[in-house]
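Below are my comments on the model you sent. They cover one sheet and one pair of helices.

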Amino acid sequence: MESLDLFATSKLAALTRVSLRRELSCTARTDGITVERDGRWLLSFSCNDYLNFIQHPAIVTAAREALARHGLGSGASRLVTGNHPLYTELEDRLARLKGTQSACVFGSGYLTNLGVIPALVGADDLILIDELAHACLWGGAQLSGARLMVFRHNDVGHARALLAEHRAAHPVALILTDGVFSMDGDLAPLPALSRLARAFDAWLMSDDAHGIGVLGGGRGSTFAHDEPVDIPLQMGTLSKAIGAYGGYLCASAPVIELMKNRARTLIYSTALPPSVVAAAIAALDLIERDPAYAALPLARARSFTRRAGLPEATSPIVPVVVGDADAALAASQMLEAEGFLAVAIRPPTVPKGTARLRFSFTPGHSESDIERVADLVRTRVLAVAA
Ligand SMILES: *Cc1c(COP(=O)(O)O)cnc(C)c1O
């Protein structure tokens, strides 16, 4: 065998031995909540389509009309000729939703973090990051070359101690956290982090991938706390509750202008297709017009946690931590045999020993669906794991 294939084969064998081998399953969807896998229809609790917008008629129509009018691709990066007219409207709406002066749309959430962070900090600077922050915040932080210090999950005291010791040695400090943690569903203590950032002249950046559309009346995790929170760098994605694709940063006008000049993933990557941008605009329209609808995913998640005997949900994401990777796979297979899809999440996506089922809830999940799956989780997953 060639050395390259030998390398790949032995890496894969090592993953298989520890139940960490991953495979793509062909998954078809025709509505908000059911998916087809291996010829079987399953009720899915594993989609990030929190508002069932992927199949929403008004959103699909907006995309279709943009496709007919503007064509398929955008043809170039935004700074060349890819900046079609729909971008201005989307960015104005995002800035309005988040209460910032300005906004900038990128190709994806991942690309946003890889572009924004290195445009703000470099080798002399300091980054503080929550240990459970999303992989693409880590990716952007590493790419920046800044000194990277990790604080314990949601531990503001630990972050304060790190800043007290190290802030003075660096011209700039950036604090990175998810607003809603993607695999745990808990919220970051944004008010306390914001005060901490101010006290140490550090810049706070939150990743609201799982907050926009579903928390704070649809405005996101920044608006889900008892007090108003000042976060100068609010990024997120258009690919989860918004149901489309793309990422964004909402910030002040000078910061956004800087991104257009310095963020490499914006400058050197092709602009989003017009139909995708049109879909995102239509989705934001619906959220703005009906904030009560945005509250439904969390209400559904709370029905589940009540019935399953879990701590009350704080977002539409509910983890059921099982422990071992193979136990998580077995629990997922048990639910699949009962007609439910709840994908097992294993290391390195989550820390070792915390493999889990990750449930997410949407308006389309009925109370009776939720009762059935919660009862299975209580009697056949939690009872066994305990
Ligand atoms: C999904 C996700 C991203 C990446 O967004 P994409 O648009 O899918 O690239 C970023 N941050 C968090 C917390 C996420 O969950």
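In what order do the 3 strands of the open sheet lie, and is the pairing parallel or antiparallel?

1. The order is β11-β14-β13, and the pairing is antiparallel. Please keep in mind that this is a predicted model.

2. β11 (317-323) and β13 (344-345) are the edge strands of this open sheet, each pairing on one side only. Between β11 and β14 (residues 355-360), which run antiparallel, there are 6 bridges. To find the register by eye, look for Pro319, which stands opposite Arg358 in β14.

3. A helix accompanies the sheet: α14 (residues 325-337) lies across β11, β13 and β14. Relative to β14, helix α14 runs at about 40°.

4. The other item is a helix pair. Two packed helices are described by the angle between their axes and the distance between the axes. For α5 (residues 109-120) and α6 (residues 135-144), the angle is about 30° and the axes are 8 Å apart. Angles under 35 degrees count as roughly parallel, so α5 is roughly parallel to α6. Their crossing is right-handed.

5. Which residues make the contact of α5 and α6? On the α5 side they are Gly109, Tyr110, Asn113, Leu114, Ile117 and Pro118. Helix α6 contributes Ala135, Cys136, Leu137, Gly139, Gly140, Ala141, Leu143 and Ser144. By class, the residues of this contact divide into 9 nonpolar and 5 polar, with no charged residue.

Key:
Residues numbered from 1 in each chain as written. Predicted model: local features only at pLDDT ≥ 70, side-chain atom pairs only at ≥ 80, totals over all residues. Heavy atoms only, no water. Pairing = 2+ DSSP bridges. Helix = DSSP H or I, 4+ residues; strand = E, 2+ residues; numbered from the N terminus. Contact = heavy atoms within 4.5 Å. Axes fitted to C-alpha atoms, helices over the stretch in contact; angles between N-to-C directions. Parallel < 35°, antiparallel > 145°, perpendicular 65-115°, else oblique. Left-handed = near helix turned anticlockwise from the far one by under 90°. Nonpolar A, V, L, I, M, F, W, Y, C, P; charged D, E, K, R; others polar.
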